Amino acid sequence: MHVSQTVVLQFVSVRCPLIAGSYARVVQRISGARAHDTMASTHVCVTCLPARCRSELRDPFHQDFRPCPTSRVASLGVGAYQIVNTSQSGDVYWIPGRQLMTAISTPLPPPGSIAVHVDTALMFNQARRASAHVVYAAPISQPLARIATVAGDANVVHPFVLHAYTDYHWRVDVVVMPTASVPAFLARGIMPAAAEIYPGTVWTFTTGATRACAQPVVDSGLKYFKGE
């Protein structure tokens, strides 16, 4: 069942007012006209969330509004997003806002984010001319490494296992090529001579010590939960 953003917001307003307020501000900001193509950094208090909010949406304060598997949103089958599949890259996440021709926009987590989940997904609004998007990421102390290539409507990449309290950088290159060359590029990385490559901007974020949906993270023998 697919319902409008308004229905989701009305439901979450009752279930979790803090998330609803953030949701409304984000939708308003990235749906309207902006002076910049890239969303500014958003730093939000993650220690003030009650338990019922942490169990509803995957990471609303870094603009991941996908429902947690055991949430009321998921059990009622409502919302603009499906339950997240964290096992592989290539999912599709709807992001409102302007699409550029040869560069991605609205990178998520937003640039400069802090306390990002260690199982976060890297997401973005696709470039309009893109045949494929090549995603690079690494700890900020290391050079960027290619971690995934996605094509079509896919705009979700699940990176390698992230470490707690670590700075990361990442970018998305846009590749434009003949349609017939895309399958070979995805399967074997063969870049056709006619391909155009548009390197992306490098963004950064910092992890916390938590997983999405208030799942515990074991670090040095201790268990951490979001908000604790």
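Are Arg171 and Asp173 buried or exposed? In this predicted model, both Arg171 and Asp173 are buried. Their side chains meet in a salt bridge, with an N to O distance of 2.7 Å. Arg171 lies in strand 9, which spans residues 167-176. Beyond its sequence neighbours up to four places away, Arg171 touches Val134, Val135, Tyr136, Leu144, Gly200, Thr201, Val202 and Trp203.

Strand 9 is joined to strand 11 by 4 bridges, and the two run antiparallel. Within this pairing, Trp170 has Trp203 in strand 11 as its bridge partner. Strand 11 (residues 203-207) also pairs with strand 4 (residues 113-116), here in the parallel sense and over 2 bridges. Ser113 stands opposite Phe205 of strand 11. The two faces of strand 11 differ in their cover: Trp203, Phe205 and Thr207 form the covered face, whereas Thr204 and Thr206 form the uncovered one.

The largest nonpolar core comprises 20 residues, and those with the most contacts inside it are Ile104, Leu122, Phe124, Val135, Trp170, Val172 and Phe205. At least two residues of this core are supplied by each of strand 5 (122-125), strand 6 (132-139), strand 7 (145-151), strand 9 and strand 11. Strand 9 provides the largest share, 5 residues. Another core, of 12 residues, lies apart from it and includes Tyr93, Leu108, Ala121 and Val156.

Side chains of opposite charge can pair when their charged atoms come close. A search of the whole structure finds 5 salt bridges. One of them joins the side chains of Arg58 and Asp119 at 3.9 Å, N to O. This pair links distant parts of the chain, with Arg58 in strand 1 (residues 57-59) and Asp119 in the loop between strand 4 and strand 5, 61 residues apart. Arg58 counts as buried because its relative accessibility is 4%, and Asp119 likewise counts as buried, at 17%.

Glu196 forms a salt bridge with Arg129, the closest N and O atoms being 3.5 Å apart. Glu196 lies in strand 10 (residues 196-198) and Arg129 in the loop between strand 5 and strand 6, so this salt bridge ties together parts that are 67 residues apart in sequence. Glu196 is partly exposed at 31% relative accessibility, and Arg129 is partly exposed at 35%. Salt bridges with shared partners also join Arg58, Asp64, Arg66 and Asp119 into one network.

Arg211 is found in the loop between strand 11 and strand 12 (217-219) and is partly exposed, with a relative accessible area of 33%. Arg211 and Arg58 are 153 residues apart in sequence, with a C-alpha to C-alpha distance of 9.0 Å.

How values were computed. Residues numbered from 1 in each chain as written. Predicted model: local features only at pLDDT ≥ 70, side-chain atom pairs only at ≥ 80, totals over all residues. Heavy atoms only, no water. Buried < 20%, exposed > 50% of the residue type's maximum accessible area, 1.4 Å probe, protein only. Pairing = 2+ DSSP bridges. Core = buried A, V, L, I, M, F, W, Y, C linked by side-chain atoms within 4.5 Å. Contact = heavy atoms within 4.5 Å. Salt bridge = Lys/Arg side-chain N within 4 Å of Asp/Glu carboxyl O.
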